[in-house]
Amino acid sequence: MNGSFCRLPAALRQLVVSRPLLLVTRPLSQAAGGAAGGGGGGSSSSGAEEVAKLVRAHPVVVFMKGTPAQPQCGFSNAVVQILRLHGVNDYRAYDVLQDHDLRQGIKNYSNWPTIPQVYLNGEFVGGCDILLQMHQSGDLVEELKKLGIRSALLDAEKDHGKK
């Protein structure tokens, strides 16, 4: 966990936790209609529909291990720190450690085997490595702009230029 986190730029490692975000912990199995009615072939379809609803519930959605205030793995922590660095404080975060069905469901939905997973405007972006690459290349600033989110890095550059 620490080894992978140490590869991040020093600016990311130095960020501190600002404020908790909305975290939904209702099990996916409950969201899909509960235990009544039994589980034959319809349950995986309704599970995929529920995952799709979660993905589209907000412009920025993160499926992670732990919470933004207390990530449970270095990669999830890095995603949270990258978003904070850009000033993205309004997003949905889902703790996959609280719901095995959600953890497997999101992997099936995206056809991506690892957590965390980041979605922008309902589209799968990738995991920690992709988000970090987008951050480093400047592509994340542009993607956030498409969502109507101004990256805090633009203001930081402007302030730095005044000095």
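Visitor: Starting with cysteine 128, is that one buried or exposed?
Guide: Cysteine 128 counts as buried, at 9% relative accessibility. Buried means under 20% relative accessible area, exposed over 50%, and partly exposed in between (1.4 Å probe, protein chains only).

Visitor: What sort of model am I looking at?
Guide: A predicted one: local features need pLDDT of at least 70, side-chain atom pairs count only at pLDDT 80 or more, and totals for chains, interfaces and linings use all residues. Residues are numbered from 1 along each chain as its sequence is written, and side-chain values use heavy atoms, leaving out hydrogens and water.

Visitor: Back to cysteine 128. Which cysteine has the closest sulfur?
Guide: That would be cysteine 73, with its sulfur 8.0 Å from the one in cysteine 128, so they are too far apart for a bond. A disulfide is a pair of cysteine sulfur atoms within 2.5 Å. Cysteine 73 is buried too, with a relative accessible area of 12%.

Visitor: How many disulfides are there in the whole structure?
Guide: Searching the whole structure turns up 0 disulfides.

Visitor: OK, zooming out. How many helices and strands does the protein have?
Guide: There are 9 helices and 5 strands. These are DSSP runs numbered from the N terminus: helices are H or I, at least four residues, and strands are E, at least two. Reading from the N terminus, the order of elements is α-α-β-α-α-β-α-β-α-β-β-α-α-α.

Visitor: And what percentage of residues is buried?
Guide: Out of the 163 residues in the protein, 40% are buried.

Visitor: What about contacts between residues far apart in sequence?
Guide: Take the contacts with a separation of 6 or more: 67% of them link residues 24 or more positions apart. Contact here means heavy atoms within 4.5 Å.

Visitor: Can we talk helices? At what angle do H5 and H7 pack?
Guide: H5 (residues 74–85) packs against H7 (residues 128–137) at about 30 degrees, and their axes are 9 Å apart. The axes are lines fitted to C-alpha atoms, for helices over the stretch in contact, and angles run from 0 to 180 degrees between N-to-C directions.

Visitor: Which residues meet there?
Guide: From H5 you get Phe75, Ala78, Val79, Ile82 and Leu85. On the H7 side they meet Cys128, Leu131, Leu132 and His135. So our opening cysteine shows up again, as part of that contact.

Visitor: What comes after H5? Where does histidine 86 sit?
Guide: Histidine 86 is in the loop between H5 and strand S3 (92–95). Its relative accessible area is 0%, so histidine 86 is buried.

Visitor: Which residues does histidine 86 touch?
Guide: Leaving aside residues up to four places away in sequence, histidine 86 touches His135, Leu140, Val141, Leu144, Arg150, Ser151, Ala152 and Leu153. You've met His135 already, in the H7 list.

Visitor: New topic: backbone oddities. Which peptide bond is cis?
Guide: The one from isoleucine 115 to proline 116 is cis, with omega near 10 degrees. Proline 116 is in the loop between helix H6 (100–110) and strand S4 (117–120).

Visitor: What is the phi of asparagine 111?
Guide: Asparagine 111 has a positive phi of about 60 degrees, although it is not a glycine. Like proline 116, it lies in the loop between H6 and S4. Asparagine 111 counts as exposed, at 68% relative accessibility.

Visitor: And asparagine 121, what's its phi?
Guide: Asparagine 121 isn't a glycine either, yet its phi is positive, about 55 degrees. You'll find asparagine 121 in the loop between S4 and strand S5 (123–126). With a relative accessible area of 54%, asparagine 121 is exposed.
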